[in-house]
Amino acid sequence: MYCPKCGAQNAEDVKYCRVCGVNLSLVPKALSGELPQDDLPFHERRKLRRQAYEEYRKQRRQRHEPNFALGIQQVSLGFGFLIVAFSSFFFAPAGRNWWFWMLIPAFALLGKGFASIVAAKQVHQSTTGATQPIAPPARTTGELEPNNHNQIPQPPPSVTENTTRHLDATKEQRPRETR
């Protein structure tokens, strides 16, 4: 069977072209005239496309989740690039011209690796921290006991309470005005 897109020859039982990757499962049906007719209305086709796109996005998110093993692999590769760069600088006379170009992938891999390790640790801590019981916060002075909600203690009397009564003089106690 030949690919309708690139013309490459493929085996009869393959589903995708080995050169360009186009879907070949409908080619034998098209040659025999057995293509299924699209009887779905527009809104149903749109709904199916939306579901397929959501599934694609879900799979893509799963690929980009933080992964501790991937972080270690990237850090190791970054250190490998650093070793190759510095060894080509010191030991290979021809490497003195291009050794610094090896620093670009080295630092990129180191950065991505460390970021992936830190993100994986944070995800792990957040998932394990949610299952562990949380200790009650330490009480500070003056807080009520958690089970004594019905018994509210009265505050101590104020020092300045009843001090203004001496300032309110009645008419009898006021000094007489002199004219």
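**Close-up views of a four-helix predicted model**

**Figure 1. The overall fold is built from helices.** The secondary structure comes to four helices and zero strands, and the model shown here is a predicted one. Reading along the sequence gives the pattern α-α-α-α. Of the 179 residues in the protein, 14% are buried. The protein exposes about 15900 Å², with carbon and sulfur atoms supplying 58% of that area. Take the contacts between residues at least 6 apart in sequence: 38% of them join residues at least 24 apart.

**Figure 2. The rings of F89 and W99 form a tilted pair.** The protein has six aromatic pairs, and here is one of them. The ring centres of F89 and W99 lie 4.7 Å apart with the planes at 50°, so the pair is tilted: that angle falls between the 30 and 60 degree limits. The pair links distant parts of the chain, as F89 sits in helix α3 (residues 68-91) and W99 in the loop between α3 and α4 (103-131), 10 residues apart. How accessible is each partner, F89 and W99? F89 has 25% relative accessibility and counts as partly exposed, while W99, at 18%, counts as buried because buried means under 20%.

**Figure 3. F100 and W101 make another tilted pair.** Their ring centres are 5.1 Å apart and their planes meet at 40°, so this pair is tilted too. F100 is partly exposed, with a relative accessible area of 38%. W101 reaches 54% relative accessibility and therefore counts as exposed, the cut-off being over 50%.

**Figure 4. Aromatic residues gather in one cluster.** Stepping back from the two pairs, we find F86, F89, F90, W99, F100 and W101 together in one aromatic cluster. W99, a buried residue, belongs to this cluster and also to the core in the next view.

**Figure 5. The largest nonpolar core has nine residues.** Its members are V75, L82, A85, W99, M102, L103, A106, L110 and I117. Helices α3 and α4 each supply at least two residues of this core, and α4 gives the most, with four. For a closer look, try L103: leaving aside residues up to four places away in sequence, L103 touches L82, A85 and F86. L82 and A85 are members of the core, whereas F86 is listed in the aromatic cluster.

**Figure 6. A second nonpolar core stands separately.** This core has six residues, among them M1, C17, L24 and V27. As general background, nonpolar side chains in soluble globular proteins tend to be buried together.

Terms used: Residues numbered from 1 in each chain as written. Predicted model: local features only at pLDDT ≥ 70, side-chain atom pairs only at ≥ 80, totals over all residues. Heavy atoms only, no water. Buried < 20%, exposed > 50% of the residue type's maximum accessible area, 1.4 Å probe, protein only. Contact = heavy atoms within 4.5 Å. Areas by Shrake-Rupley, 256 points an atom, 1.4 Å probe, with all protein chains shown as cover. Phe/Tyr/Trp six-rings, centres within 6.5 Å; stacked < 30°, edge-to-face > 60°. Core = buried A, V, L, I, M, F, W, Y, C linked by side-chain atoms within 4.5 Å.
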